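Trainee: I have a model open and some questions about it. Can we go through a few spots together?
Mentor: Go ahead.

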Amino acid sequence: MSDLVCPSCSCLCDDIRLHFRGEELSRVENACLKGSAFFQAAWRREERPCRVEGCPASLEEAVAAAAELVKGARNPVVYGLDNSTIEAQQVALRLAR
């Protein structure tokens, strides 16, 4: 993958290249240490298992639980999107509205 935008900080470097060996991320080019760590963490799902109410859950169960929380909220708070893409932030704001 090439010419990716790195959402890790406010610099938004737009020349990031990711190299893969099969489905494993093998190298990150043109990213600082924070950006490189961001992309490496994004491709290591097994280190970030889903949890619902403190218990292990599948991705589908976690998304369903999150959807129920947002659907039932009277005044949802959108927080912690500083490392997200603009498109993800737009979706979060639409959900909150």
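Trainee: Is Cys-13 buried, partly exposed or exposed, and why?
Mentor: Cys-13 counts as partly exposed, because its relative accessibility is 35%, and partly exposed covers what lies between 20% and 50%. Keep in mind that this is a predicted model.

Trainee: Where is Cys-13 found?
Mentor: Cys-13 is in the segment before S1.

Trainee: What does Cys-13 touch, leaving out residues up to four places away in sequence?
Mentor: Leu-4, Val-5 and Cys-6. Val-5 also turns up in the lining of the largest pocket.

Trainee: How far apart are Cys-13 and Leu-33?
Mentor: Their C-alpha atoms are separated by 13 Å, and the two are 20 residues apart along the chain.

Trainee: Back to that pocket. How much space lies in the largest pocket?
Mentor: About 190 Å³.

Trainee: Which residues line the largest pocket?
Mentor: Besides Val-5, the lining includes Pro-7, Cys-9 and Leu-12, and then a second group with Asp-82, Ser-84, Thr-85, Ile-86, Glu-87 and Gln-89. By class, that lining has five nonpolar, three polar and two charged residues.

Trainee: And what about the second largest pocket, how much space lies there?
Mentor: About 160 Å³. It is lined by 10 residues, and Glu-24, Leu-25, Gln-40, Trp-43 and Arg-44 are the ones that lie nearest its centre.

Trainee: Which strand gives the most to that lining?
Mentor: Strand S2, residues 24–29, with five residues. The lining of this second pocket divides into three nonpolar, two polar and five charged residues.

Trainee: New topic. Where is Ser-36, and is it buried or exposed?
Mentor: Ser-36 is found in helix H1, which covers residues 33–42. Ser-36 is buried, because its relative accessible area is 15% and the cut-off for buried is under 20%.

Trainee: What does Ser-36 touch, if we skip residues up to four places away in sequence?
Mentor: Val-28 and Ala-31.

Trainee: How many aromatic pairs does the structure hold?
Mentor: Two. In one of them, the rings of Phe-38 and Phe-39 have their centres 5.4 Å apart and their planes at 85 degrees, so that pair is edge-to-face. The cut-off for edge-to-face is over 60 degrees.

Trainee: Phe-38 and Phe-39, is each buried or partly exposed?
Mentor: Phe-38 is partly exposed, with a relative accessible area of 26%. Phe-39 is buried, at 6%.

Trainee: One more residue. Where is Ala-57?
Mentor: Ala-57 sits in the loop between strand S4 (55–56) and helix H2 (59–72).

Trainee: Buried or exposed, for Ala-57?
Mentor: Buried, because its relative accessible area is 18%, and buried means under 20%.

Trainee: What does Ala-57 touch, and how far is Glu-23 from it?
Mentor: Not counting residues up to four places away in sequence, Ala-57 touches Cys-50, Arg-51 and Val-52. Glu-23 is 34 residues from Ala-57 in sequence and 23 Å from it in space, C-alpha to C-alpha.

Trainee: Last thing. What pLDDT does the chain average?
Mentor: The chain averages 86, and 96% of the residues score at least 70.

Trainee: Which elements have the lowest and the highest mean pLDDT?
Mentor: Helix H3, residues 86–96, has the lowest, at 85, and strand S1, residues 17–21, the highest, at 93. As a general rule, where pLDDT is low, the predicted coordinates should not be read in detail.

Conventions
Residues numbered from 1 in each chain as written. Predicted model: local features only at pLDDT ≥ 70, side-chain atom pairs only at ≥ 80, totals over all residues. Heavy atoms only, no water. pLDDT = per-residue confidence, 0-100. Helix = DSSP H or I, 4+ residues; strand = E, 2+ residues; numbered from the N terminus. 1 Å grid on protein atoms, 1.4 Å probe; cavity = no way out; pocket = protein on both sides within 12 Å on 5 of 7 lines; lining within 4 Å. Points joined across faces, edges and corners; volume = space filled by probe spheres on them. Nonpolar A, V, L, I, M, F, W, Y, C, P; charged D, E, K, R; others polar. Buried < 20%, exposed > 50% of the residue type's maximum accessible area, 1.4 Å probe, protein only. Contact = heavy atoms within 4.5 Å. Phe/Tyr/Trp six-rings, centres within 6.5 Å; stacked < 30°, edge-to-face > 60°.
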